[in-house]
Amino acid sequence: MSWCTIESDPAVFNEMIERIGVKNTEVVEVPCLDADEIEKEYGNVYGLIFLFKWKPVKREVNYVEAPHVYFAKQVVGNACATQAIINILLNADGIDVGKELTEFKSFTSALDAEGRGECLGQQENIRAVHNSFSRPQCFSFEDSASGDEDAYHFTTYIPKDGFLYELDGLQTSPILAGDLKEGECWLKQAVTQLQERVSFVQSSDAKGNGLMFSLLAVTDDRIAKLEKELASSPDDTKAALMMSLKDAKQKGVAENTRRRHNYIPLVIECLKVLAQKGTLQSEADASKERTKQKREQESKRSKKE
């Protein structure tokens, strides 16, 4: 069975890991490449998920055999988002990943990276949760991608036993990204690696569309942490923060509901009404112009950054 593409949105990842059985863990969006700010804002960070515009170009990396690192190679198309989060979860100390992932890790630990990837592709519940975020569409094509379309890919960075690793499901093994000194915050080296990666990807942007990427972090659930702290020591500031986080979480749940809703019948009826009024072509032309202007603005802003 095929896997769909999913959005790089914290609400998507949070619902996904919750439905798989992971407890007291949260995925958050990281707005800047600043290690100190990331640590200050989110505290304990188990791993980073980097989404970037993928290009088939070579880069110099240090592939290593690391038996202590759980790494599953991506062998199923469009599964890189779920693959990325699972590679972090199954390497993190201190996360309750739940019964399903615990059993999956135990069952696949003796397999090589490709075998683990094959097994992941056959996990019906994980695939069903992943595919629950598929977008409704009028037509489905088995091979709709063209060479002109942009492709995006998820990769992860984790600290493990004194080293920084990049886990990229498209590669054959873990990539050694750095040697961590005792007491060193791993995020500093990770951010340096990401800055270099951003520059590398940007240099391969032949179309000149500008760089598009996002960064997510896997952390402890901030709401659960605040609830525990407030139970022992009431604090108005923390209480206000917790309410804000709960509100944001509810908005994410609502957004996921909208993602699943099929708006196609509504859109078709709207198009029919515009056609009947004789304004369909003019509205379409105006929409194309707005889209063109928006993309030009985004491209200019991305190049400045």
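**Exercise 1. Place Ile 20 by burial and contacts.**

Ile 20 is buried, its relative accessible area being 6%. Buried means under 20% relative accessible area, exposed over 50%, and partly exposed in between (1.4 Å probe, protein chains only). The model is predicted: local features need pLDDT of at least 70, side-chain atom pairs count only at pLDDT 80 or more, and totals for chains, interfaces and linings use all residues. Residues are numbered from 1 along each chain as its sequence is written, and side-chain values use heavy atoms, with hydrogens and water left out.

Step 1. Find the element. Ile 20 lies in helix H1. Helices (H or I, at least four residues) and strands (E, at least two) are DSSP runs, numbered from the N terminus.

Step 2. List the partners. Neighbours within four places in sequence are set aside; Ile 20 then contacts Glu 100, Leu 101 and Ile 126. Contact means heavy atoms within 4.5 Å.

Step 3. Add a long-range pair. Ile 20 and His 130 are 110 residues apart along the chain, and their C-alpha atoms are separated by 9.8 Å.

**Exercise 2. Is Arg 19 buried, partly exposed or exposed, and what does Arg 19 touch?**

Step 1. Arg 19 is found in H1, which covers residues 10-20.

Step 2. Apply the cut-offs. The relative accessible area of Arg 19 is 42%, so this residue is partly exposed.

Step 3. Residues up to four places away in sequence are not counted. Arg 19 touches Asn 125, Val 129, Ser 132 and Arg 260.

Step 4. Take Val 129 from that list. C-alpha to C-alpha, Arg 19 and Val 129 are 7.2 Å apart in space, and 110 residues apart in sequence.

**Exercise 3. Describe the packing of H1 and H3.**

Two packed helices are described by the angle between their axes and the distance between the axes.

Step 1. H1 packs with helix H3 (residues 80-89) at about 60 degrees, the axes being 11 Å apart. Axes are lines fitted to C-alpha atoms, for helices over the stretch in contact, and angles run from 0 to 180 degrees between N-to-C directions.

Step 2. Classify the angle. H1 and H3 are therefore oblique to each other. Angles under 35 degrees count as roughly parallel, over 145 as roughly antiparallel, 65 to 115 as roughly perpendicular, and the rest as oblique.

Step 3. Name the contact residues. Phe 13, Met 16 and Ile 17 of H1 meet Ala 81, Thr 82, Ile 85 and Leu 89 of H3.

Step 4. Sort by class. The contact of H1 with H3 has 6 nonpolar, 1 polar and no charged residues. Ala, Val, Leu, Ile, Met, Phe, Trp, Tyr, Cys and Pro count as nonpolar, Asp, Glu, Lys and Arg as charged, and the others, Gly among them, as polar.

**Exercise 4. Repeat for H2 and H7.**

Step 1. The axes of helix H2 (residues 35-42) and helix H7 (residues 186-203) come within 8 Å and cross at roughly 130 degrees.

Step 2. That angle makes H2 oblique to H7.

Step 3. From H2, Ala 35, Asp 36, Ile 38 and Glu 39 meet Leu 187, Lys 188 and Val 191 of H7.

Step 4. By class, the contact of H2 with H7 holds 4 nonpolar, no polar and 3 charged residues.

**Exercise 5. Which loops hold Asn 24 and Asn 78, and what is the phi of each?**

Step 1. Asn 24 sits in the loop between H1 and strand S1 (25-29). Asn 24 is not a glycine, yet has a positive phi of about 50 degrees. Asn 24 is exposed, at 54% relative accessible area.

Step 2. Asn 78 sits in the loop between strand S2 (45-54) and H3. Asn 78, also not a glycine, has a positive phi of about 70 degrees. At 37% relative accessibility, Asn 78 is partly exposed.
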